[in-house]
Amino acid sequence: MNTHNLTLLVIIAEALLKDRLIHSIRDAGAKGFTITEAAGEGSRQRRVGELLGDNIKIEVIVNREIAERILVVLQQDYFPHFAVIAYLSEVQVVREEKYV
Amino acid sequence: MNTHNLTLLVIIAEALLKDRLIHSIRDAGAKGFTITEAAGEGSRQRRVGELLGDNIKIEVIVNREIAERILVVLQQDYFPHFAVIAYLSEVQVVREEKYV
Amino acid sequence: MNTHNLTLLVIIAEALLKDRLIHSIRDAGAKGFTITEAAGEGSRQRRVGELLGDNIKIEVIVNREIAERILVVLQQDYFPHFAVIAYLSEVQVVREEKYV
């Protein structure tokens, strides 16, 4: 099976930011995304999402360039104002053309 | 802590495919799986799952051989007909015998 | 973009263990976590969570040392008694100070 290395970007944020984040992600060049409901607590020790659905987890598979572009937007427009978590990992996909 | 490298296979698909996908996964030799509800948009720009629960995310931890076997089945029986996403990544587990 | 390598620890368990697991995770030094509802079947072939919400998936980003500390607790206090899955993978974060 022929697979291709791409980057999985995971963003966890307040559910209220959903539409705004989707717009930022699309704008940076991502072709698709997956959203799940989440709850959690962050490093500020206050609850960033006590109930399931207070937070969302957005997963995007992109190339490294688009992932970094999204991180720059997060750093400029989201991190200073909101409790947002973002991390990258390496994944292997088939049908690379679906993502980049 | 002694850990073992295995492969995490993530499949995102329409919720309607759940039973069929579980059967394919079991059939290929996976011992277990985890399912979460998801929503998302795909590369065709049409919404593949507007509401949470329209899509499911199935996670399977297997060895590389079983992961590739599942990918072959996805490529033959699912990709031509359905909006299915699949990707692999490397994970480390304890208690390897639970998975393979 | 300057990123730092950290460890993503994923734990899947019965929802009833939620508070106890959160306590164990905090106790080991994790600063935050994310929870999603899940369902699944395990290697014992019995259903460990037939309905969505029967299981939870807890995700924690920590350094390797804290991840291993949590694994030791799981191995001592959880694995012998409960159907618990745990795996590690490598992720890259910005703002490392949020996690360790």
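**Figure 1. Contacts of C:A30 in the predicted model.** Apart from neighbours within four places in sequence, C:A30 is in contact (heavy atoms within 4.5 Å) with C:I25, C:V60, C:V62 and C:I66. The residue is located in the loop that lies between α1 (18-27) and β2 of chain C; helices (H or I, at least four residues) and strands (E, at least two) are DSSP runs, numbered from the N terminus. C:A30 counts as buried because its relative accessibility is 5%, where buried means under 20% relative accessible area, exposed over 50% and partly exposed in between (1.4 Å probe, protein chains only). C:V100 is 70 residues apart from C:A30 along the chain, and the C-alpha atoms of the two are separated by 7.3 Å. This is a predicted model in which local features need pLDDT of at least 70 and side-chain atom pairs count only at pLDDT 80 or more, while totals for chains, interfaces and linings use all residues; side-chain values use heavy atoms, with hydrogens and water left out. Residues are numbered from 1 along each chain as its sequence is written, and chains are lettered from A and ligands numbered from 1 in the order in which they are written.

**Figure 2. Strand β4 of chain C and its covered faces.** This strand spans residues 55-62, and 8 of its 8 residues are buried. One side of β4(C) carries C:N55, C:K57, C:E59 and C:I61, and the other carries C:I56, C:I58, C:V60 and C:V62; both faces are covered. β4(C) pairs with strand β1 (residues 4-14) of chain C in the antiparallel sense over 8 bridges, two strands being paired if DSSP finds at least two bridges between them. Within this pairing, C:L8 has C:I61 of β4(C) as its bridge partner. Strand β2 (residues 33-41) of chain C also runs antiparallel to β4(C), joined to it by 5 bridges. Here C:T36 is matched with C:K57 of β4(C) as its bridge partner.

**Figure 3. Helix α1 of chain A and its two sides.** In this helix (residues 18-27), A:L21, A:I22, A:S24 and A:I25 are the buried residues. They lie on the same side of α1(A), because they cover an arc of only 160° around the axis; the arc is that of the directions from the helix axis to the C-beta atoms. This buried side packs against β1, β2 (33-41), β4 (55-62) and α2 (64-78) of chain A. The face turned away from it carries A:D19, A:H23 and A:D27, which are exposed. Just beyond α1(A), A:G29 has a positive phi of about 115°.

**Figure 4. Helix α1 of chain B and what covers it.** The residues B:L21, B:I22, B:S24 and B:I25 of this helix (residues 18-27) are buried. Viewed down the axis of α1(B), they fall within an arc of 160° and therefore line one face of the helix. Their cover includes β1 (4-14), β2 (33-41), β4 (55-62) and α2 (64-78) of chain B. B:D19, B:H23 and B:D27 are exposed on the other side of α1(B). The helix is followed by B:G29, with a positive phi near 115°.

**Figure 5. Surroundings of A:E14 in strand β1 of chain A.** A:E14 counts as partly exposed because its relative accessibility is 26%. Leaving aside neighbours within four places in sequence, A:E14 is in contact with A:D54, A:N55, A:I56, A:F82 and A:A83. A:A39 is 25 residues apart from A:E14 in sequence, with 9.1 Å from C-alpha to C-alpha.

**Figure 6. The largest pocket and its lining.** The pocket has a volume of about 480 Å³. On a 1 Å grid over the protein atoms alone, a pocket is an open set of points where a 1.4 Å probe fits, with protein on both sides within 12 Å along at least five of seven lines, and lining residues have an atom within 4 Å of a point. Grid points are joined across faces, edges and corners, and a volume is the space filled by probe spheres set on the points. Of the 22 lining residues, A:E90, A:V91, B:S89, B:E90 and C:E90 lie nearest the centre of the pocket. At least two lining residues each come from β1 (4-14) and β5 (85-93) of chain A, β1 and β5 (85-93) of chain B, and β5 (85-93) of chain C.

**Figure 7. Superposition of chain B on chain A and on chain C.** A turn of 120° and a shift of 0.0 Å along the axis lay chain B on chain A with an RMSD of 0.0 Å. That is the relation of a three-fold axis. Chain B can likewise be laid on chain C with an RMSD of 0.0 Å, by a turn of 120° and a shift of 0.0 Å along the axis. Copies are superposed by least squares on the C-alpha atoms of residues with pLDDT of at least 70 in both. Only 12% of the interface residues of chain B are also interface residues in chain A, so these copies meet through different surfaces. For chain C the share is only 14%, so chains B and C also meet through different surfaces.
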